[in-house]
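Open the structure in your viewer and keep the selection box at hand. The tour goes stop by stop.

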Amino acid sequence: MMQDNQSMLHLYVLGPGVGESIVIRLPDGKWGVIDCFCNKGGSSQSSIDTFDFLQRKHVDALEFLCLTHPHHDHYSGMIQLLENLRIKNFWQFPEMCGDDLLYLLQTFRQTSKEHEATALGSLLGLADRMRKQKQLDIEYVRGVSQIYPTSVTIGGSSPVSEIAIWALAPSSGISADYRSKITACFDKDYRLLSKAPRHAYHNYISIALLMMYGDTHILLGGDTIIRSWKATLQKIDNKSILSVDFVKVGHHGSANANDLPLWELFSSKRKPIAVITPFVSSRLPRQNVLKLIRQHSSDLISTCPEVLEPRTRERYDLSGKNSQKKLATLKKLKCHSYITRSSLNTGICHVRFDNNGHGETEFLHIGNNFSETL
Ligand SMILES: [Zn+2]
Ligand SMILES: [Zn+2]
């Protein structure tokens with residue numbers, strides 16, 4: 001028997017093809033958000049962004065807001081949430097504040113991502129001002145540590161809470177490597193001394209969270225890569241806690257974030273439900289990763305279901321005189337590059353769990369009657 005809907009844990013995964021956000025309704029009716037994306041100024045009519053979604057749910061306060069790492073597809077529009085909602089806890093990737101933040105922003109400028117540097121600077125600048133005015137509690141998250149509930153009793157038993165959230169990654173070692181690699185690129189006047197790290201390097205410090213609701217274990221991987229998981233696993237004696245019921249697939253289904261040992265661990269007791277948010281312009285998810293996840297999950301769903309379909313010849317419209325040429329090109333690409341973002345049908349993956357590891361999935365289409373289905 002499933003519990004009644006109100007006392008369940010609800011996860012809403014949003015992702016229009018680029019960008020990702022997880023909105024969580026806790027069993028006590030409070031809300032939390034991990035990462036954010038925004039459609040404003042974008043052309044896509046077929047998706048709903050994080051702030052719109054929260055407004056339609058009449059949410060005006062968040063228990064927590066988490067920014068897993070400094071990539072634009074995870075923080076675009078997050079400043080709107082800070083400006084418009086009451087936020088109790090802001091969980092941020094570690095190390096980068098004060099001067100270090102300025103170095104970080106410089107790395108974006110060096111890779112011609114000026115607008116991303118400006119957006120990230122505004123967001124973290126506002127968060128820091130709110131912290132100084134005691135309007136916001138910022139936690140620079142490192143694994144492995146419990147971050148929710150926020151109050152703990154030292155030396156005694158922990159306060160009773162239905163939900164516990166642990167940060168599994170990034171480890172302090174990886175964070176220190178990341179910080180020194182970035183700061184070593186610049187002199188004290190923020191001038192470049194050596195080549196800035198590649199844009200993908202920022203995934204090194206992605207936060208990964210484990211949410212526990214009774215016997216239900218939920219893994220929210222951000223863009224955490226395998227190297228970071230390995231550092232985390234060294235710190236966990238009881239690895240069976242990572243036998244989980246739900247996985248938000250790490251880094252949009254890239255091979256850097258998903259391998260056989262990890263998925264064997266995630267599925268070691270029972271096969272979890274997996275949700276994937278693509279990043280189509282980087283041709284993610286990869287086909288071989290999808291195959292791996294299919295073998296180790298009870299159900300694999302995506303915010304853009306199209307990327308999960310088998311790539312049959314018919315899909316490419318190979319009729320007509322250039323069919324051989326088209327086929328040759330597609331064989332060369334091997335991936336999803338034929339899908340453009342505007343052509344995607346996107347929706348929301350809604351998963352609800354009781355506290356016994358039982359989950360139900362539902363795909364919410366975004367159409368005219370969308371507000372009713374929410
Ligand atoms: Zn990402
Ligand atoms: Zn990323």
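**Helix pair.** Select helix H4, residues 99-110, and helix H6, residues 172-183. Viewed together, H4 passes H6 in a left-handed crossing. The residues to show as sticks on H4 are Asp100, Tyr103, Leu104 and Thr107. On the H6 side, show Arg179, Ile182 and Thr183. Together these make the contact between the two helices. Colour them by character: three are nonpolar, two polar and two charged.

Now look at the geometry. The axes of H4 and H6 come within 9 Å and cross at roughly 70°. That makes H4 roughly perpendicular to H6, because angles of 65 to 115 degrees count as roughly perpendicular.

**Confidence.** This is a predicted model, so colour by pLDDT before going on. The protein has a mean pLDDT of 87. Residues at 70 or more make up 84% of the protein. Next select residues 312-316, where the pLDDT is below 50. Leaving aside near neighbours in sequence, this stretch has four contacts in the model.

**Eight-stranded sheet.** Which strand order does the open sheet of eight strands have? Walk across it: S6-S5-S4-S3-S2-S1-S14-S15. The pairing is mixed. Stop at the edges, strand S6 (137-140) and strand S15 (359-365). Each has a single partner strand, so one side of each is left without a neighbour in the sheet. Direction ignored, neighbouring strands here are turned by 20° against each other on average.

Zoom in on strand S4, residues 61-67, and strand S5, residues 86-92. These two run parallel and are joined by six bridges. For one register point, select phenylalanine 64; its bridge partner in S5 is asparagine 89.

**Seven-stranded sheet.** Move to the open sheet of seven strands. Its order is S7-S8-S9-S10-S11-S12-S13, again with mixed pairing. Which strands are the edge strands? Select strand S7 (145-148) and strand S13 (299-302): each pairs on one side only. Neighbouring strands of this sheet are turned by 20° against each other on average, direction ignored.

Finish inside this sheet, at strand S11 (residues 246-248) and strand S12 (residues 273-276). How many bridges link S11 and S12? Three, and the strands pair in the parallel sense. Label phenylalanine 246 as the last pick: isoleucine 273 of S12 stands opposite.

Note on methods
Residues numbered from 1 in each chain as written. Chains lettered and ligands numbered in written order. Predicted model: local features only at pLDDT ≥ 70, side-chain atom pairs only at ≥ 80, totals over all residues. Axes fitted to C-alpha atoms, helices over the stretch in contact; angles between N-to-C directions. Helix = DSSP H or I, 4+ residues; strand = E, 2+ residues; numbered from the N terminus. Parallel < 35°, antiparallel > 145°, perpendicular 65-115°, else oblique. Left-handed = near helix turned anticlockwise from the far one by under 90°. Contact = placed C-beta atoms within 7 Å. Nonpolar A, V, L, I, M, F, W, Y, C, P; charged D, E, K, R; others polar. Pairing = 2+ DSSP bridges. pLDDT = per-residue confidence, 0-100.
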